[in-house]
Amino acid sequence: MASLCFQSPSKPISYFQPKSNPSPPLFAKVSVFRCKASVQTLVAVEPEPVFVSVKTFAPATVANLGPGFDFLGCAVDGLGDHVTLRVDPSVRAGEISISEITGTTTKLSTNPLRNCAGIAAIATMKMLGIRSVGLSLDLHKGLPLGSGLGSSAASAAAAAVAVNEIFGRKLGSEELVLAGLESEAKVSGYHADNIAPAIMGGFVLIRNYEPLDLKPLRFPSEKDLFFVLVSPDFEAPTKKMRAALPTEIPMVHHVWNSSQAAALVAAVLEGDAVMLGKALSSDKIVEPTRAPLIPGMEAVKKAALEAGAFGCTISGAGPTAVAVIDSEEMGQVIGEKMVEAFLKVGHLKSVASVKKLDKIGARLVNSISR
């Protein structure tokens with residue numbers, strides 16, 4: 001059995017420290033690296049490819065969901081990235097080549113060590129112990145960069161699942177999330193609230209990072225829930241938006257956000273869209289610092305609530321705004337009002353869409369057998 005040690009930036013957690021003995025800020029980037037528990041390869045013998053080629057899809061995601069910063073996220077239907085992966089004799093055994101990038105952006109690097117899909121694919125190959133086969137990958141971006149809809153996670157999820165599928169689906173979802181986290185760590189930070197729902201679908205709670213402990217939250221199938229996603233023509237890089245976060249959190253805000261996150265989890269499990277919206281709208285720590293950086297965001301939230309949305313907040317790091325409602329028709333109306341607010345107050349053109357919860361996550365679209 002081989003093992004692979006995943007290294008990730010350590011994430012110091014502190015609320016208040018004596019001024020005489022300062023510690024790194026809560027959300028500061030640190031240079032210390034800590035080796036996570038080794039992830040054991042699940043197969044003793046290198047697996048043979050069962051397909052010559054596979055095509056996979058991974059959905060967009062909404063991270064944080066208001067008060068759930070870095071530990072809550074969900075997948076949304078109909079938006080995402082595709083990966084086509086092939087066994088390629090021209091690629092050196094044990095390696096991967098990115099052949100083509102198409103879609104919403106083509107400016108991404110084709111170096112697999114500097115590309116989200118490439119990093120996740122390599123990590124998955126290492127988990128499987130692939131040394132005898134070379135692979136080539138095509139990435140089709142359905143999501144724009146810096147949108148707040150988990151663009152990097154969708155690429156990573158689709159790639160990790162593609163590698164797993166082509167070798168007979170030997171890895172489980174948590175192993176694939178770990179592979180995707182390798183990509184996220186290099187692009188936007190070691191957080192799983194995008195990559196976990198992108199791979200697993202639905203709502204996911206990240207209970208712990210070391211070791212990784214994921215808890216799927218099942219929204220009742222008989223209940224209706226729609227996400228109104230309004231994306232302005234404005235890029236909000238995750239690293240920039242994380243840098244704006246506070247270095248200290250008042251205890252009263254910590255208690256408030258904890259209660260709202262708990263209410264959000266309860267609302268998901270009970271299928272209570274109204275309570276879900278109220279909790280999603282109630283972040284007092286992250287949203288207040290990020291909203292002013294997105295032109296018109298505060299007016300957009302107000303417009304959504306006045307139009308009947310149960311709640312509205314920033315999707316991930318932004319700039320996409322997300323509102324929740326239980327009616328697709330109402331979602332269309334709310335989206336129009338949000339688009340108007342972005343244009344009137346933020347002077348930004350935007351596009352609205354109304355989407356359901358994606359309960360499947362990253363999946364195989366088609367395959368060609370050997």
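Student: Which residues line the largest cavity?

Tutor: Start with the rule. On a 1 Å grid over the protein atoms alone, a cavity is a set of points where a 1.4 Å probe fits but cannot get out. Lining residues have an atom within 4 Å of a point. Here the lining is Asn64, Gly66, Asp283, Val286, Glu287, Thr313, Ile314 and Gly316. This is a predicted model, where local features need pLDDT of at least 70, side-chain atom pairs count only at pLDDT 80 or more, and totals for chains, interfaces and linings use all residues. Residues are numbered from 1 along each chain as its sequence is written, and side-chain values use heavy atoms, with hydrogens and water left out.

Student: How much space lies in the largest cavity?

Tutor: A volume is the space filled by probe spheres set on the points, which are joined across faces, edges and corners. For the largest cavity that space is about 50 Å³. The count of cavities of 30 Å³ or more comes to one.

Student: How many residues of each class are in the lining of the largest cavity?

Tutor: Ala, Val, Leu, Ile, Met, Phe, Trp, Tyr, Cys and Pro count as nonpolar; Asp, Glu, Lys and Arg as charged; the others, Gly among them, as polar. This lining has two nonpolar, four polar and two charged residues.

Student: Asn64 is in that lining. Is Asn64 buried or exposed?

Tutor: Buried means under 20% relative accessible area, exposed over 50%, and partly exposed in between (1.4 Å probe, protein chains only). Asn64 has a relative accessible area of 6%, so Asn64 is buried. Its phi is positive, near 75°, in a residue other than glycine. Asn64 sits in the loop between β5 (51-63) and β6 (72-87). Helices (H or I, at least four residues) and strands (E, at least two) are DSSP runs, numbered from the N terminus.

Student: Is His347 buried or exposed?

Tutor: His347 counts as exposed, because its relative accessibility is 65%. His347 also has a positive phi, near 55°, and is not glycine. Look for His347 in the loop between α10 (328-346) and β14.

Student: What about the chain overall? How many helices and strands does it have?

Tutor: The protein chain has ten helices and 15 strands. Of its 370 residues, 54% count as buried. Contact means heavy atoms within 4.5 Å. Among contacts between residues at least 6 apart in sequence, 76% join residues at least 24 apart.

Student: What does Ser353 touch?

Tutor: Ser353 is in strand β14 (residues 350-356). Leave out residues up to four places away in sequence, and Ser353 touches Leu79, Phe227, Val228 and Leu229. Phe227 is 126 residues from Ser353 along the chain, yet their C-alpha atoms are separated by 8.1 Å.

Student: Is Val351 buried or exposed?

Tutor: Val351 also lies in strand β14. Its relative accessible area is 60%, so Val351 is exposed. With the sequence neighbours up to four places away left out, Val351 touches Leu229, Val230, Ser231 and Val339.

Student: Now a pocket. How much space lies in the second largest pocket?

Tutor: A pocket is an open set of points with protein on both sides within 12 Å along at least five of seven lines. The second largest holds about 650 Å³ of space. Of the 41 residues that line it, the closest to its centre are Gly146, Ser152, Val187, Ser188 and Thr238. Helix α2 gives the largest share of the lining, four residues. By class there are 15 nonpolar, 16 polar and ten charged residues.

Student: How do I check the span of helix α3?

Tutor: The expected span is 1.5 Å times one less than the number of residues. Helix α3 (residues 173-187) has 15 residues, so it should span 21 Å; its end C-alpha atoms are 21 Å apart, which agrees. Buried residues in α3 include Leu176, Leu178 and Glu182. After α3 comes Gly189, with a positive phi near 125°.

Student: Where is the peptide bond that is cis with omega near 0°?

Tutor: That bond runs from Glu210 to Pro211. Pro211 is in the loop between β9 (203-209) and β10 (212-217). A cis bond also joins Gly318 and Pro319, with omega about 10°. Pro319 belongs to the loop between β12 (311-314) and β13 (321-325).

Student: Which residues is Ser147 in contact with?

Tutor: Neighbours within four places aside, Ser147 contacts Gly318, Pro319 and Thr320. Ser147 counts as buried because its relative accessibility is 6%. Ser147 lies in the loop between β8 and α2.
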